[in-house]
Amino acid sequence: MNSTFRRSAFPTLLVAIAISIHAPAFASKERVVRDWQACPAIVELDTDAPIIAIGDVHGDYDRLCKLLHVAGVVREESEHPQNLQWAAGKTILVCTGDLIDKGKRSLDVIEAFRVLQPQALAAGGRVIVTMGNHEAEFLADPENDEKAEEFLAELGAAGVDPVRLAHGNDDHGVGNFLRGLPFAVRINDWFFAHACSTQGRSLQTLRTEISDAVDSEGYGADILLSKHGLLEARLKPLPWWQRQGDTPKQSEDRLRGYSVALGVHHLVMGHQPGKAEFSDGTKRKAGELTQKFGGLIFFIDVGMSSAINKSTGAALRIEKDGNRQTATAVSAENARTLLWHTE
């Protein structure tokens, strides 16, 4: 049995997640009632503290633990997530979703972030996990989620009803944690989301449209999971901001327009660990943490789960010193590559 469910309960969240539901026959048709003040659609904050961002963990607790240790987030690796100790002071740790599926320790991955959240807050830092398409799809319809085979097996082994969990009614608070995740976060002039496809919306418009859509459509709402959705848009066959026949300038200008509408200068997305090709002919290698358009967009899903195995993991470290900013890729082997800096 997974170590998460050998204990009586998860650590209590500092802020209670205020969510209730009317349980229907199918979770995909549920009406979600979510307290958007307690669980905002988009988290916003300004800070001079370092930011460490990681992409899709997909159930690989061991690789997550190693990466957090190498990146200076936890004091040491631990087989048991409840023993992890925050070591990053006022640092802001962001994960852009897809904690679950593919790997075999999704519950321990979830617990790791839950354990670190109150510790970080007590030290003046934050741990912010945004929702990925895998979480949204599971919450929308846990009985028919074809991507959740491994997670469902893990829940079954732990004696947990996936429908109760998806409805936020499990005894350990996992469902409420997942249901209360924000869908994006703005930190300074950086915007983080699973796929980052805002389609030119402002932060306020995006916030309003997400809350309205989730209230009426549930977690399977089109604004989240359509092919142009915030959590689902892809880099193939074309990057989500690119149109057939675009010149390189048209492609970059469109994406830059999206960032301007948000009031930021940098977009950070997970979701896609594979190869990609852009309108100017440049390519992104599979499993590579990299950036495009002079720091306009960063790709941080490196396929770190051993179930995907495009890399062993990497984190994006963003530091601010006065007007100077740097963005550095930190690999699980502690190789550090400067990706971008202000002039």
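The following dialogue treats the sheet, the helix packing, the backbone geometry and the empty spaces of a predicted model.

Q: How are the strands of the six-stranded open sheet ordered?

A: Strands of a sheet pair through backbone hydrogen bonds, in either a parallel or an antiparallel manner. In this model, the open sheet follows the order 3-7-8-9-13-12, and its pairing is mixed.

Q: Which strands stand at the edges of this sheet, and why is one side of each left without a neighbour?

A: The edges are formed by strand 3 (42-45) and strand 12 (290-292); each has a single partner strand, so one side of each lacks a neighbour in the sheet. From one strand to the next, the twist averages 20 degrees.

Q: How many bridges join strand 12 to strand 13, and do the two run parallel or antiparallel?

A: Strand 12 is joined to strand 13 (residues 297-299) by three bridges, and the two run antiparallel. Within this region, Thr-290 is placed opposite Phe-299 of strand 13.

Q: Which strands does helix 7 lie across?

A: Helix 7 (residues 203-217) lies across strand 3, strand 7 (184-187) and strand 8 (190-193). Relative to strand 3, helix 7 runs at about 150 degrees.

Q: At what angle do helix 1 and helix 2 pack, and how far apart are their axes?

A: Two packed helices are described by the angle between their axes and by the distance between the axes. Here, helix 1 (residues 61-70) packs with helix 2 (residues 106-122) at about 30 degrees, and the axes are 9 Å apart. The crossing of helix 1 and helix 2 is right-handed.

Q: Which residues meet where helix 1 packs with helix 2?

A: Helix 1 contributes Tyr-61, Leu-64 and Leu-68, which meet Asp-108, Val-109, Ala-112, Phe-113 and Leu-116 of helix 2. By class, this contact of helix 1 with helix 2 comprises seven nonpolar residues, no polar residues and one charged residue.

Q: Is the peptide bond from Lys-236 to Pro-237 cis or trans?

A: The bond from Lys-236 to Pro-237 is cis, and its omega is near 5 degrees. Pro-237 belongs to the loop between helix 8 (222-225) and helix 9 (248-262).

Q: Is phi of His-58 positive or negative?

A: Phi of His-58 is positive, near 45 degrees, in a residue other than glycine. His-58 sits in the loop between strand 4 (51-54) and helix 1.

Q: How many cavities of 30 Å³ or more does the structure hold, and what volume does the largest have?

A: Rolling a probe the size of a water molecule over the atoms shows where empty space is left. The structure holds two cavities of 30 Å³ or more. The largest has a volume of about 40 Å³, and the second largest about 30 Å³.

Q: What lines these two cavities?

A: The lining of the largest cavity includes Thr-47, Asp-48, Asn-188, Trp-190 and Gln-325. Strand 14 (residues 314-321) supplies the largest share of that lining, three residues. By class, the lining divides into four nonpolar, three polar and three charged residues. The second largest cavity is lined by Ile-52, Ala-71, Ala-315, Arg-317, Val-330 and Arg-336, a set with four nonpolar, no polar and two charged residues.

Q: How much space lies in the second largest pocket, and which residues line it?

A: The second largest pocket holds about 200 Å³ of space. Among its lining residues are Lys-236 and Pro-237 of the cis peptide bond, together with others including His-228, Glu-232, Trp-240 and Arg-243. The classes in this lining are four nonpolar, two polar and five charged residues.

Key: Residues are numbered from 1 along each chain as its sequence is written. This is a predicted model: local features need pLDDT of at least 70, side-chain atom pairs count only at pLDDT 80 or more; totals for chains, interfaces and linings use all residues. Side-chain values use heavy atoms; hydrogens and water are left out. On a 1 Å grid over the protein atoms alone, a cavity is a set of points where a 1.4 Å probe fits but cannot get out, and a pocket is an open set with protein on both sides within 12 Å along at least five of seven lines; lining residues have an atom within 4 Å of a point. Grid points are joined across faces, edges and corners, and a volume is the space filled by probe spheres set on the points. Helices (H or I, at least four residues) and strands (E, at least two) are DSSP runs, numbered from the N terminus. Ala, Val, Leu, Ile, Met, Phe, Trp, Tyr, Cys and Pro count as nonpolar, Asp, Glu, Lys and Arg as charged, and the others, Gly among them, as polar. Two strands pair if DSSP finds at least two bridges between them. Axes are lines fitted to C-alpha atoms, for helices over the stretch in contact, and angles run from 0 to 180 degrees between N-to-C directions. Contact means heavy atoms within 4.5 Å. A crossing is left-handed if the near helix is turned anticlockwise from the far one by less than a right angle, and right-handed if clockwise.
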